[in-house]
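Please look through the structure shown below, first at its two ligands and then at the way some of its helices pack. The paragraphs that follow take these topics in turn.

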Amino acid sequence: MTESDPVTRHFLRDDDLSPAEQAEILDLAVELKRDRFAVQPLAGPQTVAVIFDKSSTRTRVSFAVGIADLGGSPLIISTANSQLGGKETPSDTARVLERMVSAIVWRTYGQAGLEEMARGTTVPVVNALSDDFHPCQLLADLLTMREHRGDLAGQTLVFLGDGACNMAQSYLLAGATAGMHVRIASPAGYTPNAQVVADAASIAAQTGGSVELFTDPVAAVTGVDIVITDTWVSMGKEEEKAARLADLGAYRVDAALMAHAKPDAHFMHCLPADRGFEVTADVIDGAQSIIWDEAENRLHAQKALLVWLLAQNSQNTSSNAA
Ligand code: CP
Ligand code: NVA
């Protein structure tokens, strides 16, 4: 089948999941963390293509291991030595891959490429990081917050630094979906996309969460449960490095800034980190930091996502056939 199938579920941005669906996937992740080999929907093995336009350690390893845990076979593709992005469009690539693989996971630059790939295929497409969003990371982060702090609804998180980066924008959408209070602290020129803020606010209005933008880092951190930052120089922004380091200096997470959060607050970072820039070593390597659980949870959260997407799409296929 080569036509776009409107019932196929994809995961291109955090708000592709409803609040109930997000919670269901997190519950499943808890079960899979308890018993890594509990379900094997990819037994056969079926293949999942995992494509990288950008570098990766955690995403590459967690998808490769997770697909194998689910009984499947990961096919890791670097676009540097494939036709995608050079000679071939995302939709043509998708139409070829769907004949052979059960799902496509793609780390890329523009969100539009992911949307084109999803339109062009009947197998689930998963965003493994784009310039705009990092939704797989957010599932892992929400799982980690749940483990360390309990129910997500009503908790307050703050993301400091580049508010226009993929992590900040994913916190807005995923945090609002979870009913959390999401604060973004960034200087002028680094604020999140206005449409993403509006989308998050509209989700928060349904879930009891909220969305707030700050310029003052101290005001933003005051009283929060979770303090989060990310590199100031995301992949693709390397040419702006000097300006970014100068512009974002006031948003560095250090012990003095952490002291404004709740006394039992946690620190999170998706990694890789630049110690001494967005966060000081004493904070990221200190007692409040939960970064290693956060990194491990990529595995469990993404497995749950794949199991859920494959189940959704097989239900859709059977109800279409009925
Ligand atoms: N956090 C994250 O996505 O890490 P990688 O770039 O190593 O995959
Ligand atoms: N914002 C970072 C996240 C890396 C996992 C980047 O896009 O490079």
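In this predicted model, a good place to begin is Asp230, where a polar side-chain atom lies 2.6 Å from a nitrogen atom of ligand 2. Ser234 also offers a polar side-chain atom, which lies 2.7 Å from a nitrogen atom of ligand 2, whereas Met235 takes part through its backbone, with an N or O atom that lies 2.8 Å from an oxygen atom of the ligand. The residues around ligand 2 include these three, and among the others are Leu129, Asn166, Thr231, Cys270 and Leu271.

Turning to ligand 1, the residues around it are Ser56, Thr57, Arg58, Thr59, Arg107, His134, Gln137, Cys270, Leu271 and Arg298. An N or O atom in the side chain of Ser56 is 2.6 Å from an oxygen atom of ligand 1, and a polar backbone atom of Thr57 is 2.7 Å from an oxygen atom of that ligand. Gln137, for its part, has a polar side-chain atom that lies 2.9 Å from a nitrogen atom of ligand 1. Cys270 and Leu271 appear around ligand 1 and also around ligand 2.

Some of these residues can be followed into the loops. Leu129, one of the residues around ligand 2, is found in the loop between β4 (125–127) and α5, and its phi is near 125°, a positive value in a residue other than glycine. Leu271 is joined to Pro272 by a cis peptide bond with an omega of about 5°, and Pro272 lies in the loop between β9 (266–269) and α11 (281–284). A cis peptide bond also joins Gly44 and Pro45, where omega is about -5°, and Pro45 is found in the loop between α1 and β1 (47–52). As background, most residues other than glycine have a negative phi, and most peptide bonds are trans.

The helices come next. Two packed helices are described by the angle between their axes and the distance between the axes. The axes of helix α1 (residues 19–34) and helix α5 (residues 135–149) come within 10 Å and cross at roughly 70°, which makes α1 roughly perpendicular to α5. On the α1 side, the contact is made by Gln22, Ala23, Ile25, Leu26, Asp27, Ala29, Val30 and Lys33, and on the α5 side by Leu139, Leu142, Leu143, Arg146 and Glu147. These residues divide into eight nonpolar, one polar and four charged.

Helix α5 also packs with α6: their axes come within 10 Å and cross at roughly 60°, and the two helices are therefore oblique to each other. Their crossing is right-handed. Here Pro135, Gln137, Leu138, Asp141, Leu142 and Met145 in α5 meet Met167, Ser170, Tyr171 and Ala174 in α6, a contact with seven nonpolar, two polar and one charged residues. Gln137 thus appears in this helix contact as well as around ligand 1.

How do the axes of helix α6 (residues 166–177) and helix α7 (residues 194–207) cross, and within what distance do they come? They come within 8 Å and cross at roughly 15°, so α6 and α7 are roughly parallel to each other. α6 passes α7 in a left-handed crossing, in which Gln169, Leu172, Leu173, Ala176 and Thr177 of α6 meet Val196, Val197, Asp199, Ala200, Ile203, Ala204 and Thr207 of α7. By class, this contact of α6 with α7 has eight nonpolar, three polar and one charged residues.

Terms used: Residues numbered from 1 in each chain as written. Chains lettered and ligands numbered in written order. Predicted model: local features only at pLDDT ≥ 70, side-chain atom pairs only at ≥ 80, totals over all residues. Heavy atoms only, no water. Axes fitted to C-alpha atoms, helices over the stretch in contact; angles between N-to-C directions. Helix = DSSP H or I, 4+ residues; strand = E, 2+ residues; numbered from the N terminus. Parallel < 35°, antiparallel > 145°, perpendicular 65-115°, else oblique. Left-handed = near helix turned anticlockwise from the far one by under 90°. Contact = heavy atoms within 4.5 Å. Nonpolar A, V, L, I, M, F, W, Y, C, P; charged D, E, K, R; others polar. Near = heavy atom within 4 Å. Polar contact = N/O pair within 3.5 Å; in protein donor to acceptor, adjacent residues only side chain to side chain.
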